[in-house]
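Here are a few short exercises to work through with the model open beside you. Try each task before reading its solution.

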Amino acid sequence: MTLAQYLAELEQELVAAGEEAESLSFVYRALNDLSFTDFVLKLRLEVSQEDRDQLKAIQEQLLAHKPAQYIIGNSDFHGLTLKVDERVLIPRPETEELVELILSENPEKSLSVLDIGTGSGAIALALANSRPDWRITASDLSQDALALAAENAQSCGLNLTFVQSDCLDVIQGKFDIIVSNPPYISEADKDEVGLNVLVSEPHMALFAEEDGYAVYRKIAEQAEEHLTEKGKIYLEIGYKQGVGVKELLKKTFPQKRIRVQKDQFGKDRMVAMDNG
């Protein structure tokens with residue numbers, strides 16, 4: 001039996017369990033550091049017992065709804081390779097769009113930035129990597145998440161300040177930009193979440209009370225005393241939350257311009273607030 005035939009057998013079982021077939025070869029290639037060309041050439045060869053054992057072990061983890069990135073131990077984000085595990089959410093491509101929006105609208109060399117709910121550190125580290133002169137503080141309620149984010153900062157050679165805080169509860173000072181990709185899924189929308197996300201990723205970073213608006217409300221209420229005069233807020237949101245998050249910000253910042261931005265799929269995904 002060739003490697004291709006054995007892969008096909010295991011992939012059928014994954015699909016039957018509701019998992020993506022491509023995850024198996026993705027993890028196999030990553031763990032063995034195989035280029036796409038090397039992988040294609042190997043598909044034609046007789047499958048070795050070593051490969052059988054490894055592929056079966058990978059498949060069992062995928063069948064248990066463990067995300068591919070957790071099996072590999074890292075995830076690519078905005079040109080960086082970040083360590084990820086069950087302590088943090090896996091960074092999403094939509095969040096890269098949030099980073100791009102911030103970078104495109106803020107060409108200044110020296111700004112102070114606060115990333116609330118940093119998780120793996122993805123947003124803060126991507127901004128620090130693109131704007132080395134920005135002063136960036138990354139906060140999270142989870143000490144475990146902060147420990148992992150600090151590991152990522154060290155491995156990427158980037159210098160950030162880390163603070164354990166529930167939103168802005170213990171944050172000091174003012175910032176030119178406050179950014180957050182907070183927990184925003186309502187318990188009522190749990191059925192929209194993939195099984196591998198629901199089973200493996202930290203619920204604390206996924207779900208929020210008040211129909212998913214609790215953290216947005218807290219940020220909106222606390223941000224005023226921590227923004228500079230021209231300070232801006234950038235938030236990632238759930239696709240149904242654009243109007244609601246905009247209204248929350250308007251209560252505290254009636255004079256500011258607040259925009260709901262769509263992602264590459266045409267869904268509401270970001271809210272940006274500035275002086276207009």
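**Exercise 1. Work out what share of the contacts in this predicted model joins residues at least 24 apart in sequence, and set this beside the overall make-up of the protein.**

Solution. Start with the contacts between residues at least 6 apart in sequence: 67% of them join residues at least 24 apart. Next, count the secondary structure, which comes to 11 helices and 9 strands. Then turn to burial: of the 276 residues, 49% count as buried. Finally, take the accessible surface, about 13400 Å², of which 49% belongs to carbon and sulfur atoms.

**Exercise 2. Determine how helix α1 and helix α3 are oriented to each other, and which residues meet.**

Solution. First locate the helices: α1 covers residues 3-16 and α3 covers residues 36-43. Their axes come within 7 Å and cross at roughly 95°. Angles of 65 to 115 degrees count as roughly perpendicular, so α1 and α3 are roughly perpendicular to each other. Now look at the contact itself: Leu3, Ala4 and Leu7 on the α1 side meet Phe39, Lys42 and Leu43 on the α3 side. Sorted by class, this contact has 5 nonpolar residues, no polar ones and 1 charged residue.

**Exercise 3. Find the positions that UniProt gives as "binding site" and decide whether they are scattered or gathered.**

Solution. The unreviewed UniProt entry places this feature at Gly117, Thr118, Gly119, Ser120, Gly121, Asp140 and Asn181. These positions span 65 residues in sequence, but no two of their C-alpha atoms are more than 11.5 Å apart, so they gather at one spot.

Now take two of these positions in turn. Gly121 sits in the loop between β3 (112-116) and α7 (122-130). Buried means under 20% relative accessible area, so Gly121, at 0%, counts as buried. Asn181 belongs to the loop that runs between β6 (175-180) and α9 (195-200). With a relative accessible area of 21%, Asn181 is partly exposed. Setting aside neighbours within four places in sequence, the contacts of Asn181 are Thr95, Ile116, Gly117, Ile123 and Glu236. One of these partners, Gly117, is itself on the UniProt list.

**Exercise 4. Place Ala8 in the secondary structure, then state how far its C-alpha atom is from that of Leu24.**

Solution. Ala8 is part of helix α1. Its relative accessible area of 35% makes Ala8 partly exposed. Ala8 and Leu24 are 16 residues apart along the chain, and 9.8 Å separates their C-alpha atoms.

Definitions and conventions: Residues numbered from 1 in each chain as written. Predicted model: local features only at pLDDT ≥ 70, side-chain atom pairs only at ≥ 80, totals over all residues. Heavy atoms only, no water. Helix = DSSP H or I, 4+ residues; strand = E, 2+ residues; numbered from the N terminus. Buried < 20%, exposed > 50% of the residue type's maximum accessible area, 1.4 Å probe, protein only. Contact = heavy atoms within 4.5 Å. Areas by Shrake-Rupley, 256 points an atom, 1.4 Å probe, with all protein chains shown as cover. Axes fitted to C-alpha atoms, helices over the stretch in contact; angles between N-to-C directions. Parallel < 35°, antiparallel > 145°, perpendicular 65-115°, else oblique. Nonpolar A, V, L, I, M, F, W, Y, C, P; charged D, E, K, R; others polar. UniProt positions renumbered as here; feature names shortened; annotations may be inferred.
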